[in-house]
Amino acid sequence: MIIGSKLLFFENLPSTNTHATYLLKKKDLPEGTIVYTNYQSAGRGHAGNEWESEDGKNLLISIILFPSFLKPENQFQISMTISLAICDFLLRYIPDCSVKWPNDIYVNNDKIAGMLIESSLTGNQIEYTIAGIGLNINQEKFISNAPNPVSLRLLSGLNYDLHDCLKNLVTDLDKRYKQLIADDSGDLMKEYVSKLFRLNEWHNFRDIDGIFTGKILKVGDFGRIKIERQNGKSSEYSYKEIEFIL
Ligand code: BTN
């Protein structure tokens, strides 16, 4: 087992990503070490947002990885791998989910999980990656202004054992990470694209020029998303260059 080789639990932390980075600088930790907690007082999301998670209700984990087999320009493959693993996990409990490029997992039009993937580069090498996952399991009420949170509990009405959930998630992450290490045929990318939220459907997006109607065609090299416009022209975007209108 690579992911889950060591599990480090803390009752509460400011942020598992921040703490994993701190621990890694202090001592050698094996690849796949997971730092997890019941509660984050300063859980970090994208774009400076906070990650809301009620004490003891959800999975809040950070995985320490040393993906030296990836060039920095291909680090999106980590996000792809983790996304597929979270989907594998969710499909144990619910019939469907999708990946909202680049870092969210959706069920229908609602967000059930987010990822914060932070890497340190030295020269042309990835020194380490901290892959943070917030996955909503038992939370029933969300109070932040996040637009569309959902949890497994809200979807099914059931309460889940968090230890079982963690065990299953770690199994699914480990399987997908090993697939990434062995992947030379691009199978992960094909599967990832097939699970994209709003793939091949006309929806509204916003780029630097304003709102337009477009259709996601694929995610290609370096994790850029390719969107076709109604005039037949298509463009590729990096994260932050394009926004979904929900
Ligand atoms: C997002 O959707 O904005 C990303 C959310 C990532 C949240 C997780 S919770 C565990 C880990 N520690 C953090 O501080 N953030 C990530």
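Analyst: Before we get going, here's how residues are sorted: Ala, Val, Leu, Ile, Met, Phe, Trp, Tyr, Cys and Pro count as nonpolar, Asp, Glu, Lys and Arg as charged, and the others, Gly among them, as polar. By that sorting, the lining of the largest pocket comes out at 18 nonpolar, 16 polar and eight charged residues. Keep in mind that this is a predicted model.

User: What makes His 46, Asn 49, Trp 51, Asp 104 and Lys 111 stand out in that pocket?

Analyst: The pocket holds about 990 Å³ of space. Its lining runs to 42 residues, and those five are the closest to the centre. By class, Trp counts as nonpolar, Asp and Lys as charged, and His and Asn fall among the polar ones.

User: Which element gives the most to the lining of the largest pocket?

Analyst: That's β6, with four residues. Other elements giving two or more residues include α1 (16-26), β3 (59-65) and β7 (125-135).

User: And what about the second largest pocket, how do its lining residues divide by class?

Analyst: Seven are nonpolar, seven polar and three charged. This pocket has a volume of about 360 Å³. Of its 17 lining residues, Phe 76, Ser 79, Asn 103, Ile 117 and Tyr 239 lie nearest the centre. The largest share of this lining comes from β6 too, with three residues.

User: On to the helices. Why is α2 called oblique to α4?

Analyst: Helices α2 and α4 pack at an angle of about 140 degrees, with their axes 8 Å apart. Roughly antiparallel needs an angle over 145 degrees, and roughly perpendicular covers 65 to 115. The angle fits neither label, so α2 is oblique to α4. Their crossing is right-handed.

User: What meets what between α2 and α4?

Analyst: From α2, the list includes Ile 78, Ile 82, Ala 85 and Phe 89, and from α4 it includes Cys 165, Leu 169, Leu 173 and Tyr 177. By class, this contact has eleven nonpolar, three polar and three charged residues.

User: How do you know that α4 and α5 are oblique as well?

Analyst: Helix α4 (residues 162-182) packs against helix α5 (residues 187-194) at an angle of about 130 degrees, their axes 9 Å apart. That value sits between the 115 that ends roughly perpendicular and the 145 that roughly antiparallel must exceed, so the pair is oblique.

User: Which residues make that contact?

Analyst: Arg 176, Gln 179 and Leu 180 in α4 meet Asp 187, Leu 188 and Glu 191 in α5. That gives two nonpolar, one polar and three charged residues. Arg 176 and Leu 180 are also among the α4 residues that meet α2.

Note on methods. Residues numbered from 1 in each chain as written. Predicted model: local features only at pLDDT ≥ 70, side-chain atom pairs only at ≥ 80, totals over all residues. Heavy atoms only, no water. Axes fitted to C-alpha atoms, helices over the stretch in contact; angles between N-to-C directions. Parallel < 35°, antiparallel > 145°, perpendicular 65-115°, else oblique. Contact = heavy atoms within 4.5 Å. 1 Å grid on protein atoms, 1.4 Å probe; cavity = no way out; pocket = protein on both sides within 12 Å on 5 of 7 lines; lining within 4 Å. Points joined across faces, edges and corners; volume = space filled by probe spheres on them. Left-handed = near helix turned anticlockwise from the far one by under 90°.
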